[in-house]
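Grab a pencil and have a go at the exercises below. Try each one yourself before you read its solution.

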Amino acid sequence: MWSDHYRTQLPAEYRSEDVFPYLSYDAQVYYACARCRREYRLNHTVNLVPPVTYDGRDCPSGDGGSLRLVVHRFLHEALCHDCGRQWNLRTTGFDPVMCPQCHSRDFFRLSTWLRPPFPARFHELTPLGAEPRAHEWGQDADADAQLVPEQLEYISLLPNPAQYLVPAILFLNRLRVCNAYDPARSWVLTNLHGLLLREYYRQTGELTAGTEAVQVFNEISEASADPFQRGLILHNVSMAAYSLLARRPPELLLYGGAEHYRSIGTDAAHRAIACYESLQATADAALGESLRLQIARVQHVLADLLKAGTPSPAALTEALSLLDRVVAEPALPEDMRIGALRSRAAVVQQAGDRAGAPSGQVLDDLSASLPDLENLPLWEQHSLLASLAQYRESTGDLAGAVDFQQRAATVAEDALIRADDETSLGQVGRQYGHTFDLLARIEAKRGRPRAALAAVETVRAATVRFGHQGETEAMRRHEAELTRFFGGRAGEKRLESELTQFLGDGPGKQQLEGGLTRFFSGGSGNGVRPDTGPRAGEEGPTAEALAALHRAGWPQTTAFCMLSGAAGETTAVIAMPDGTERWEVRGLQWAVSERQIMRMTRGINLEHGPFREERLAAACAAARRVFFDKLLPQLRDWGADGLAISAPGLFSHVPYEAVPISETGMLGDEFEVFYLPSLQLGAMLRARYDGLGSGRRALAVMHGGEGLPGARYEVERMAELWGDRLDVLNGAEHNKGDVLDALSGDYDVVHFACHGSFDLLQPLESALYLTNDRDRDARKLTAGDLMGTSFARAPVVTLAACESGLTSYGMTSDCTGLTGGLLRMGARGVIASRWAVTTGEAGQELAAERFTNLVHRSLVGGAGISGRQAVTSAQRELARQGYGIEDWAAFSYLGIP
């Protein structure tokens, strides 16, 4: 799991330039004493100064030696498959291993060694300003397993606390591998490792961590000879399995599916109960009470496993029976009883929904948690408030429903604010995005369309941001908590005293004054604060974005349409300039069945085949019933001829241009259809774009080799159109570094003629391939490679590649694939394919080539034709020539009009 992909999931402090180079592969900082040979570990989570501050410090052993930084890195010896060179390279566990000559990650590993090797035992180094505490790691598994959680106690109050679990998880993995533990007790470290993995999944939705937690717990399910301890471990197995089912992401199918993990969890729960019951016959009173408590805990998670997803009536009945027993258990602590009441409320509500009469018991069970709400983790606060909102709505109390849903959205927004990079923003967006859809649904039902639009914009704008901006309340909370942790002003003075003693009053101390100010006075940070909503009325970031787009010349007859689906209803909010300086905003809402949604979505994102055209047509026909039977009258009443669509997840993959709106016409015949994930994104893109000049230039990146003959044809046609204003990079002659350098040039149009792919599990691994050999890393450009680079201008980017326009499947418009990467670089628009368009069949390639040629004929002129207009014109021309949906609607435009 913990590959270089997870470098971005380390806390921001760990990724800073004065820390990251000194991290060993387990994300820790180490020092060694040349005299006594002891090694010391520094926990940077509670450290306030750069690691170099300790370099040269006296060894805590008092032997007169001094500490020196030591970095445990991997030494790789490998043979590159791309350039054929043999090389040696030292890396941490977070650096991508690639050829130092051609930057390829395709190589044959000859050997890998950890240098220097980890010692089995080592010591803890007390950070400056903290109370001294001596500890030797690697000797006593129980003592180590106790100290690790202690060092994580305060992270829940830090911005993006989940990221601080990553170094701890890596450290535990290191302890499991290199230690001097008693083999009979080493399982306690593995158990803690699994607990942190599960918690990381619960906070982030990182599916690999969740499935790995189940695997880790299973490894030790029989490690202890004590039935009581085996019961505890098996309980953890069932809890980890339920964590996966509670969220039930679509990608879980790729890991075995929901029923696979339900089976693992229920089996472990039954085995755990059997372990406890085997001890009851001989237990004294104290042990008997403890056993009843443990059995109740396992029965609770067993009931949760039974109710997850779409349970059968029999499963709900069994779950309710189990929870009634749990709630009635006198040995159960109050916090556990309240948790069981929440679970019982969910079961009763599920059963009541089917019967059409929700029980009043639901409100009583849910309300039991409210007095302790602020002490619950964010995700539990969110879950409770959302459940109360759902219940209030089911009883017809819309005012109460919106109150609880707004409170749930505030909790979700707080989680967004805590996120300090794009990776964590995407995680939080996927976890909490549905909350804002539910709030939009209730606001629209109450006749407040602007509030509904602001609610959805909160998450859709947050998850498509370019990067880090300014001071954040989250970072200020981080700094305040560190101040509290180190004892307020007393801690500050203690730290200053130690620094003066260690560094004197010279330049060394002055160099650290900025760091002291940051932690004790509240300076700027690296966090991302999304513009806060959800706010109704004429103020707030959504209203500001509408005003900015209007001032920038948003077409008067182009409507923006936000689509969302929640709780069996479709909510649409449409906005269009009203002819003055304002926008008219209206909300529409109608019921839609899950079966209708399935009919629409199952026909999209298909591999090329004989039935793709037929299934796409069926999907588009379903989309009319799901969306446009209700939308079209309003759009026509406004006189709209353009339509920008913002839709989450799979909804964003529908080719809306091909939706039939009459016996002979389609939506794309009447409207110029394009896609804009967020109004705030549109405003930011428009701010970077200063219009097309008469001397526009183009760059073409061409597939090298014989595997894609249409690519050469496309570039030749471009050369005829652009002449000496076109620069060409041949993929067979250039690597990804060359392409990234070229993208920073002064171009108004950038065209990729190559193969492409979309990675469902890791969208940042979605790639464009410069040659036929997809395994040659130096010849592919991933969405992750695009991060950190930017365009000199704001070009229109055309991707004549398979599936290049797809984004992730979460219920937010997070655009984490290639399109999102290009928009973050500053492209004003991306023209990309929705499905495979270059499969080797001449007819399909011909359609793509014709489309590309038509687009560039529009873009090359000086008449101010936009990317949106060029795509619409090309689509209509191909449709007029008789091409099917899979050909003329294969490409879409995403960006500003």
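What follows is a set of short exercises, each with a worked solution.

This is a predicted model, where local features need pLDDT of at least 70 and side-chain atom pairs count only at pLDDT 80 or more, while totals for chains, interfaces and linings use all residues. Residues are numbered from 1 along each chain as its sequence is written, and side-chain values use heavy atoms, with hydrogens and water left out.

**Exercise 1. The overall picture**

Task: Find how many helices and strands the protein has, and what percentage of its residues count as buried.

Solution:
- Start with the secondary structure. Helices (H or I, at least four residues) and strands (E, at least two) are DSSP runs, numbered from the N terminus. The protein has 29 helices and 22 strands.
- Next comes burial. A residue is buried under 20% relative accessible area, exposed over 50%, and partly exposed in between (1.4 Å probe, protein chains only). Of the 897 residues, 58% count as buried.
- Last, look at contacts, meaning heavy atoms within 4.5 Å. Of the contacts with a separation of 6 or more, 72% come from residues 24 or more positions apart.

**Exercise 2. Two cysteines**

Task: Work out why cysteine 36 has no bond to the closest cysteine sulfur.

Solution:
- Recall the chemistry: a disulfide is a covalent bond between the sulfur atoms of two cysteines.
- Now the cut-off: here a disulfide is a pair of cysteine sulfur atoms within 2.5 Å. By this rule the count is 0 disulfides.
- Check cysteine 33: it's in no disulfide, and the nearest cysteine sulfur, in cysteine 36, is 3.6 Å away.
- Turn it around: for cysteine 36 the closest cysteine sulfur is that of cysteine 33, and 3.6 Å is too far for a bond.
- Compare their surroundings: cysteine 33 is buried, at 2% relative accessible area, whereas cysteine 36 is partly exposed, at 28%.

**Exercise 3. Helices side by side**

Task: Describe how H3 and H4 pack, then H5 and H6, then H19 and H20.

Solution:
- You need two values: packed helices are described by the angle between their axes and the distance between the axes. Axes are lines fitted to C-alpha atoms, for helices over the stretch in contact, and angles run from 0 to 180 degrees between N-to-C directions.
- H3 (residues 187-204) and H4 (residues 207-219) pack at about 155°, with their axes 8 Å apart. H3 and H4 are therefore roughly antiparallel (under 35 degrees is roughly parallel, over 145 roughly antiparallel, 65 to 115 roughly perpendicular, and the rest oblique).
- The contact includes Leu195 and Leu197 of H3 and Val216 and Phe217 of H4. Its residues split into 9 nonpolar, 5 polar and 2 charged. Ala, Val, Leu, Ile, Met, Phe, Trp, Tyr, Cys and Pro count as nonpolar, Asp, Glu, Lys and Arg as charged, and the others, Gly among them, as polar.
- On to H5 (residues 227-247) and H6 (residues 258-280): their axes come within 8 Å and cross at roughly 155°. That makes H5 roughly antiparallel to H6. This contact has 17 nonpolar, 5 polar and 3 charged residues.
- Finally, H19 (residues 594-601) and H20 (residues 612-638) pack at about 140°, with axes 7 Å apart. Among the residues that meet are Ile597 and Met600 in H19, and Ala622 and Phe627 in H20. The classes here are 7 nonpolar, 1 polar and 2 charged.

**Exercise 4. Zoom in on a serine**

Task: Is serine 238 buried or exposed, and what is it in contact with outside its neighbours within four places in sequence?

Solution:
- Serine 238 sits in helix H5.
- Its relative accessible area is 0%, so it's buried.
- Leaving those neighbours aside, serine 238 is in contact with Gly265, Ala268, Ala269, Val301 and Leu305.

**Exercise 5. Backbone oddities**

Task: Which peptide bond at proline 116 is cis, and what is phi near in alanine 27 and arginine 37?

Solution:
- The bond from arginine 115 to proline 116 is cis, with omega near -10°. Proline 116 lies in the loop between strands E6 (107-115) and E7 (122-124).
- Alanine 27 has phi near 65°, a positive value in a residue other than glycine. Alanine 27 comes in the segment before strand E1 (29-33) and is buried, at 1% relative accessibility.
- Arginine 37 also isn't glycine and has a positive phi, near 70°. Arginine 37 is in the loop between E1 and strand E2 (39-42), and is exposed at 69%.
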